[in-house]
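Here are a few exercises to work through with the coordinates open. Try each task before you read its solution.

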Amino acid sequence: MNSFVEGINLEVCANPNAEQLLPIEEGLNSFNDLMTGMSDRQQLSVLVKSNETGEILGGMQGRSSLGLLFIDLFYLPPELRNMGVGTEILNRFEEEGRKRGCTSAFLYTISFQAPDFYKKHGWQEFGRIGCKPEGTSRIFMKKSL
């Protein structure tokens, strides 16, 4: 018997589809709205597009919620690095956060990714957790906007 509470079943999923995840997102959003009296969450992306093909080459994605800006993912292909593109993406992302009323921003990066890039732009480390491979860490960072 898979059920420890009558009428429900727990299932571990490696690849749930968006429809399966919707009740979790909507349920938590409804609870948060009820508790805070606010519903200001919005997705945010800054996309890097090819002028020639219109193809998305990279960019930054995240969200704003309850006055906080979150960076979830940031990727630039190697040929666009060290040209100021990353700085401009980060500046635009932060500026949109300010326009939305965000006062602080948060992210995590990995020690082999871009912690020095963020530090150069005023971000501060506030936590670190070791992960694999050996010697690697997840680094949690924040910035006042």
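**Exercise 1: a charged pair**

Task: find the salt bridge that D33 forms, and say how exposed each partner is.

Solution. D33 pairs with R41, their closest N and O atoms lying 2.5 Å apart. That meets the rule for a salt bridge (a side-chain nitrogen of Lys or Arg within 4 Å of a carboxyl oxygen of Asp or Glu). Next, accessibility: D33 has 23% relative accessibility, so D33 is partly exposed; R41, at 29%, is partly exposed too. Here buried means under 20% relative accessible area, exposed over 50%, and partly exposed in between (1.4 Å probe, protein chains only).

The model is predicted, so local features need pLDDT of at least 70 and side-chain atom pairs pLDDT 80 or more, while totals for chains, interfaces and linings use all residues. Residues are numbered from 1 along each chain as its sequence is written, and side-chain values use heavy atoms, leaving out hydrogens and water.

**Exercise 2: E125 and its partners**

Task: which side chains meet E125 in salt bridges?

Solution. Start with K119, whose side chain meets E125 at 4.0 Å, N to O. Then take R128, at 2.9 Å from E125, N to O. K119 is partly exposed at 39%, E125 at 32% and R128 at 46%. Elsewhere, shared partners join E94, E95, R98 and K143 into one salt-bridge network.

**Exercise 3: the count**

Task: how many salt bridges does the rule give?

Solution. Applying the rule gives nine salt bridges.
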